[in-house]
Amino acid sequence: MMNHTLQQMPPKQSSSHIIGVVSDQFTHPASLKLLNELTRQLDKRGFITLLLNVDSPENYSSLLVNAGRLQIDGLVFLATVCSEELNLAAAQLPSVPAVYLCRSENADAQVVSADDYYAGAEIGRLLVGQGFQRFGYMKGRDDSSHQRRMEGYAASLASANIIVDQLLVAGSNDRELAYQAMMRYLKQARASERINALFCENDLLAFGAMQAVRDFGQGAHIAVVGFDDVDEARSSTWHLTSWAQRQDLQITEALNRLLDNRADRSGAWQQGELQIRHSHLGKTVQGEMSKCGCASRH
């Protein structure tokens, strides 16, 4: 089915100053934020960005053929697009290096991403410190992506003798699917047993979950924390507390490895910080919160 992808490409003569950027979610706000910084840094280095928007393994294979004809100098993965993506790229473009700005199951992948375990643990500690008793976690796909994020969260809860009471799976990193998953849970769970704190593995899921809580009403309140700190998170509609990665440092590190074969082992690019807003707070709050229009008040 994919034999056409293994056709011999012409030998690479010189640098094209073109970098292929592979993703399957250019519409996701976190991907767009990452892409904006990546293209800025590539432009500063004198490189052109070639976007490879993947929606299937077959589509990915075809895009590799076209990228090979342009004699690209490297590949940057913003998302894991298929299980054999790195092997296919190595077979099709043997002289083209690749780096990941996301997690990968491939042991040979060169990955530059945040310390998800530490971030999850910090979010757990934040919510435990608010005095909540019943905790949940929402993920997009039911796979191992961002597993360390959830493990860090669970570990910090366990240190306080608390467990993750509810795991919600939206089915994809989609706001509407997150809304539906949360609404189903709210309708099925008894009010006395309902979680009162939720960590969502990304902001898009958090927006959907918060909207469901607001629409459900009936006095329900669930504190929510997201991940990625996309631009919409700081709006008055959500005022979402979220984990902000150092994407500028991650991209600098990725490009240093890709273009200069130079790695920074200090790990500063793995760090991040919580952007504290209102969404993680309890229902009863003081001061400015009473005047805020964010969804956490509903």
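The following exchange goes through how several descriptions of this predicted model were reached.

User: What makes the protein chain as compact as a globular protein of its length?

Analyst: The secondary structure of the protein chain comes to eight helices and 10 strands. Its radius of gyration is 21 Å, and the globule rule gives 19 Å for 298 residues. The two values are close, so the chain counts as being as compact as a globular protein of that length. Along the principal axes, the C-alpha atoms fill a box of roughly 65 × 40 × 35 Å.

User: How much of the chain is buried, and what share of its contacts join residues at least 24 apart?

Analyst: Of the 298 residues, 51% are buried, which here requires a relative accessible area under 20%. As for contacts between residues at least 6 apart in sequence, 74% join residues at least 24 apart.

User: Why are α4 and α5 called oblique to each other?

Analyst: Helix α4 (residues 116-129) and helix α5 (residues 147-158) pack at an angle of about 40°. An angle under 35 degrees would count as roughly parallel, and roughly perpendicular begins at 65. The angle of about 40° fits neither class, and α4 and α5 are therefore oblique. Their axes are 6 Å apart, and α4 passes α5 in a right-handed crossing.

User: Which residues make that contact, and how do they divide by class?

Analyst: On the α4 side they include Tyr-117, Ala-121, Ile-123, Arg-125 and Leu-127. On the α5 side they include Arg-148, Arg-149, Glu-151, Tyr-153 and Leu-157. By class, the contact of α4 with α5 has eight nonpolar, four polar and five charged residues. Gly-120 and Gly-124 of α4 and Gly-152 of α5 also take part; glycine is counted as polar.

User: How do you know that α6 and α7 are oblique to each other?

Analyst: The axes of helix α6 (residues 175-188) and helix α7 (residues 203-216) cross at roughly 40°. That value lies between the 35 degrees that bounds roughly parallel and the 65 where roughly perpendicular starts. The pair α6 and α7 is therefore oblique. The two axes come within 7 Å, and the crossing of α6 past α7 is right-handed.

User: What does the contact of α6 with α7 consist of?

Analyst: From α6, the residues include Tyr-179, Met-182, Met-183 and Leu-186. They and others in α6 meet α7 residues that include Leu-204, Phe-207, Val-213 and Phe-216. The residues of this contact divide into 12 nonpolar, two polar and three charged.

User: Why is His-17 called partly exposed, but Asp-228 buried?

Analyst: The relative accessible area of His-17 is 34%. Partly exposed runs between 20% and 50%, so His-17 falls in that class. For Asp-228 the area is 11%, so with a limit of 20% it is buried. His-17 is in the segment before β1 (18-23), whereas Asp-228 lies in the loop between β8 (223-227) and β9 (241-245).

User: What makes the phi of these residues worth listing?

Analyst: Most residues other than glycine have a negative phi. Phi of His-17 is positive, near 60°, and phi of Asp-228 is positive too, near 120°.

User: Is Ser-145 buried or exposed, and how do you know?

Analyst: Ser-145 has a relative accessible area of 18%, which is under the 20% limit, so it is buried. Ser-145 is placed in the loop between β5 (135-139) and α5. Its C-alpha atom is separated by 9.7 Å from that of Glu-201, 56 residues apart along the chain.

Methods:
Residues are numbered from 1 along each chain as its sequence is written. This is a predicted model: local features need pLDDT of at least 70, side-chain atom pairs count only at pLDDT 80 or more; totals for chains, interfaces and linings use all residues. Side-chain values use heavy atoms; hydrogens and water are left out. Axes are lines fitted to C-alpha atoms, for helices over the stretch in contact, and angles run from 0 to 180 degrees between N-to-C directions. Helices (H or I, at least four residues) and strands (E, at least two) are DSSP runs, numbered from the N terminus. Angles under 35 degrees count as roughly parallel, over 145 as roughly antiparallel, 65 to 115 as roughly perpendicular and the rest as oblique. A crossing is left-handed if the near helix is turned anticlockwise from the far one by less than a right angle, and right-handed if clockwise. Contact means heavy atoms within 4.5 Å. The radius of gyration is taken over C-alpha atoms; the globule rule is 2.2 Å times the number of residues to the power 0.38. Buried means under 20% relative accessible area, exposed over 50%, partly exposed in between (1.4 Å probe, protein chains only).
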